[in-house]
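Biologist: Could you take me through one part of this model slowly, beginning with a single residue and working outwards to whatever surrounds it? I am new to reading structures, so please connect each step to the one before.

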Amino acid sequence: MLSYQHIYHAGNLADVHKHGLLAWILNYLTAKAKPLTYIETHAGRALYDLQDAAAIKTGEAAAGIGKVASWFDDTHPLTEVLTAARATHGPHSYAGSPLIAAHLLRPDDRMHLAELHPGEHAALDFALSSFPAKCYQQDGFELAHSLIPPTPRRGFMLIDPSYEIKRDYEDIPRHIAGFARAWNVGIICLWYPILTAQSHLPMLTTLEKAHPGAFRHEVRFPPARKGHGMIGSGMFVINPPYGLETEAARVSDRFATLTVDR
């Protein structure tokens, strides 16, 4: 399924949730001198222009990072990355997760990024051409299974599918079970949308039963436009780093200031 392009959704409130926690985790991991591996299964193009017609059409960026950028102060790693992206690429630029990781990782760290869509992969490869990242035009789950356990073994994996393939909800727990068995020290993080249809609930039930020590964090927010089905964002983290729950609680406090229809 190669139709999904994140430009329509870049910078929305789900990205704010996901990228805020991602930047915090990577900042925490890079505070120690030991090198690490970063793996991303569904990378997208890494760099987005929020004045692109596709981004403007949905209004999701305007209701997202355009509205709540002040939630992260100048010392937060997400702010540092977004500021650097704007300085380099223009004031309407937005850094996706691969570019956030590229800015925060160090020369001795390793980056492996999968993106199956040919156009998105080409844009990803170009956006990260000045960074030591390996970009693969490959199914992300296949790539991850081939890489783990990685070298260095210390590290982080972000799984961020579009969920436009409905089988993702059924297949993801099986993939994660394999990742966790092969890479018991890795931080494995799954992002998922919270939709009015509640499609995520059976998947989360399976995941929580299989990984009782994992950390689950969810936020709710108003739909970006009338009839839009996404009303929240979730992160499921295996081997959560120390302090993540405190940071997540701070993020929850910010989202609680939004008006949400219950």
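Modeller: Let us begin with Leu 105, which lies in the loop between α6 and β4, and keep in mind throughout that this is a predicted model. Leu 105 has a relative accessibility of 11% and therefore counts as buried, the cut-off for that word being under 20%. Leaving aside residues up to four places away in sequence, Leu 105 touches Leu 26, Thr 30, Leu 36, Tyr 38, Arg 110 and Met 111. Thr 37 is 68 residues away from Leu 105 along the chain, yet the C-alpha atoms of these two residues are separated by 9.2 Å.

On one side of this loop is helix α6, made of residues 97-104, and because seven of its eight residues are buried, the helix is largely enclosed by the rest of the structure. The buried residues of α6 are Ser 97, Pro 98, Leu 99, Ile 100, Ala 101, Ala 102 and Leu 104.

Two of the residues that Leu 105 touches, Tyr 38 and Met 111, lead us to the strands, since Tyr 38 stands opposite Met 111 in β4. Strand β1 covers residues 37-40, with Thr 37 and Ile 39 pointing one way and Tyr 38 and Glu 40 pointing the other way, and all of them are buried. Strands of a sheet pair through backbone hydrogen bonds, in either a parallel or an antiparallel sense. Strand β1 runs parallel to β4 (residues 110-114), to which it is joined by four bridges, and it also runs parallel to β6 (residues 155-159), again through four bridges. In that second pairing, Ile 39 stands opposite Met 157 of β6.

These strands belong to an open sheet of seven strands with mixed pairing, whose order is β5-β4-β1-β6-β7-β9-β8. The edges are formed by β5 (133-136) and β8 (215-220), each of which pairs on one side only, and from one strand to the next the twist averages 15°.

Following the order of the sheet past β6, we come to β7. Strand β7 (residues 187-195) pairs with β9 (residues 230-238) in the antiparallel sense over eight bridges, and within this pairing Tyr 192 has Gly 234 of β9 as its bridge partner. Helix α10, residues 201-210, packs on the sheet here, touching β7, β8 and β9, and its direction makes about 155° with that of β7.

The buried residues of α10 are Met 203, Leu 204 and Leu 207. Seen down the axis of α10, these buried residues fall within an arc of 95°, so they line one face of the helix. An α-helix has 3.6 residues a turn, so residues three or four places apart point the same way. The buried residues of α10 pack against α9, β7, β8 and β9, whereas the face turned away from the buried side carries the exposed residues Pro 202, Thr 205 and Lys 209.

Helix α9 (residues 168-182) brings us to one more contact, for it packs with α8 (residues 140-147) at an angle of about 10°, with the two axes 10 Å apart. That angle makes α8 roughly parallel to α9. From α8 the contact uses Phe 141, Ala 144 and His 145, and from α9 it uses Asp 168, Ile 172, His 175, Gly 178 and Phe 179. Sorted by kind, the residues of this contact are four nonpolar, three polar and one charged.

Note on methods
Residues numbered from 1 in each chain as written. Predicted model: local features only at pLDDT ≥ 70, side-chain atom pairs only at ≥ 80, totals over all residues. Heavy atoms only, no water. Pairing = 2+ DSSP bridges. Axes fitted to C-alpha atoms, helices over the stretch in contact; angles between N-to-C directions. Contact = heavy atoms within 4.5 Å. Parallel < 35°, antiparallel > 145°, perpendicular 65-115°, else oblique. Nonpolar A, V, L, I, M, F, W, Y, C, P; charged D, E, K, R; others polar. Buried < 20%, exposed > 50% of the residue type's maximum accessible area, 1.4 Å probe, protein only. Arc of directions from axis to C-beta.
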